[in-house]
Amino acid sequence: MTRSDGYLLDNRQNEAGQRFDALAALFDPTTFRHIEALGIGPGWRCWEVGAGGTSVVSWLAEKAGPSGKVVATDIDTSRIASAARPPVEVRVHDVGAEEPPGEGFDLVHARLVLVHVPDRARALRSMIRALRPGGWLLVEDADPALQPLLCPDEYGPEQQLANRLRQGFRKLLAERGADLSYGRKVPRLLREAGLSGVEADAFFPVTSPACTALEAATVRQIRDRLVTAGLATDEDIDRHLANVEAGAMDLATAPMISAWGRKA
């Protein structure tokens, strides 16, 4: 995350906690699987970039143990402050504008962060610089342009409305500097930065209770922005939220592409 008055999904909004819970339910299993495969264990030093919520931070702390360290950073640490006890250190930090909060990390991880950072190239350089030789970088980011629909099966008016509102959300993100095709670029960017053993995969939930919860929280969080920008009316949003609550739609997310590589 980077400091910006225009950031669309402020951690201090009431719906942010609901979004973090839904994101954890959707993506934590994938994240944990990847980090386990990289060999995390006692004594590891980890930097969790743009932590947002506490689920990944707490899991890393358990794996690293008392002999390890987890530095959790965000531009707004209000929702991770409760995790600030050994081995976790919480810092306010802008990955796209500031120097790394340390060096010699065994693991640097960022999930659904860099797509929102205006100076993504600087952020990536900073994250790589913070690694020890042989340390791992894991970047997991969305690619909304790869799959732009909330309802891939657009068979009725409810799905058409949902996809229209999702298009409005993507427009707001793009206007604030988000790169909606960033996820697919990450493997190449890691190779170009000199990391070795680069691999990547993608996770694409199509329907689940967490997808439904995420959509409801997100729309409530950006409601005023959609209306002010003329991208939707209050009636549109009320109708869509009622459709979401009814639970009869298959609601998807953008694919989350996970890419990892090792510093020489």
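Is F27 buried or exposed, and what is its relative accessible area? F27 is buried, with a relative accessible area of 3%. The notes below start from this residue and then go through other parts of the model, which is a predicted one.

1. **The pair of F27 and F203.** The structure holds 3 aromatic pairs. One of them is formed by F27 and F203, whose rings meet edge-to-face, at 6.0 Å centre to centre and with 85 degrees between the planes. This pair links distant parts of the chain, since F27 belongs to helix α1 (residues 16–37) while F203 belongs to strand β6 (residues 196–203), and the two are 176 residues apart. The partners can also be set side by side in their accessibility: F27 is buried at 3% relative accessible area, whereas F203 is partly exposed at 30%.

2. **The pair of W47 and F105.** Another aromatic pair is made by W47 and F105, with ring centres 6.0 Å apart and planes at 35 degrees, so the pair is tilted. Because W47 lies in strand β1 (residues 45–49) and F105 in strand β4 (residues 105–111), the pair ties together parts of the chain that are 58 residues apart in sequence. Both W47 and F105 are buried.

3. **W59 in helix α2.** W59 is placed in helix α2 (residues 55–64), and with a relative accessibility of 13% the residue counts as buried. If neighbours within four places in sequence are left aside, W59 is in contact with F32, I35, E36 and I40. As a guide to the extent of the model, W59 and E158 stand 38 Å apart in space, C-alpha to C-alpha, and 99 residues apart in sequence.

4. **The packing of α6 and α7.** Two packed helices are described by the angle between their axes and the distance between the axes. For helix α6 (residues 209–228) and helix α7 (residues 234–246), the angle is about 175 degrees and the axes are 10 Å apart. The two helices α6 and α7 are therefore roughly antiparallel to each other. On the side of α6 the contact is made by T212, E215, A216, V219, R220, R223, L226 and V227, and on the side of α7 by D234, I237, D238, H240, L241 and V244. Sorted by character, the residues of the contact of α6 with α7 comprise 7 nonpolar, 2 polar and 5 charged.

5. **H240 within that packing.** H240 lies in helix α7 and is buried, with a relative accessible area of 0%. The side chains of H240 and E215 are joined by a polar contact of 2.8 Å, and both residues are among those that make the contact between α6 and α7. Not counting residues up to four places away in sequence, H240 touches L150, L161, A162, L165, E215, V219 and M249.

6. **Backbone features to check.** Most residues other than glycine have a negative phi, and most peptide bonds are trans. A reader may therefore wish to look at two places, as the general pattern concerns phi and peptide bonds. P86 and P87 are joined by a cis peptide bond, with omega at about 10 degrees, and P87 is found in the loop between β2 (69–74) and β3 (88–92). L112 has a positive phi of about 55 degrees, although it is not a glycine. L112 lies in the loop between β4 and α3 (120–129), and counts as buried at 17% relative accessibility, the cut-off for this class being under 20%.

7. **The buried residues of α3.** Which residues of α3 are buried? They are R120, A123, L124, S126, M127 and I128. Their cover includes β1 and β4, together with β5 (131–142) and α5 (186–192).

8. **D250 after helix α7.** D250 is found in the loop between α7 and β7 (256–262), and counts as partly exposed at 44% relative accessibility. With residues up to four places away in sequence not counted, D250 touches L150, C151, P152, V206 and T207. With T207 there is also a polar contact from side chain to side chain, at 3.3 Å. L150 is touched by D250 and also by H240. D250 and E99, in turn, are 151 residues apart in sequence and 42 Å apart in space, C-alpha to C-alpha.

How values were computed: Residues numbered from 1 in each chain as written. Predicted model: local features only at pLDDT ≥ 70, side-chain atom pairs only at ≥ 80, totals over all residues. Heavy atoms only, no water. Axes fitted to C-alpha atoms, helices over the stretch in contact; angles between N-to-C directions. Helix = DSSP H or I, 4+ residues; strand = E, 2+ residues; numbered from the N terminus. Parallel < 35°, antiparallel > 145°, perpendicular 65-115°, else oblique. Contact = heavy atoms within 4.5 Å. Nonpolar A, V, L, I, M, F, W, Y, C, P; charged D, E, K, R; others polar. Buried < 20%, exposed > 50% of the residue type's maximum accessible area, 1.4 Å probe, protein only. Polar contact = N/O pair within 3.5 Å; in protein donor to acceptor, adjacent residues only side chain to side chain. Phe/Tyr/Trp six-rings, centres within 6.5 Å; stacked < 30°, edge-to-face > 60°.
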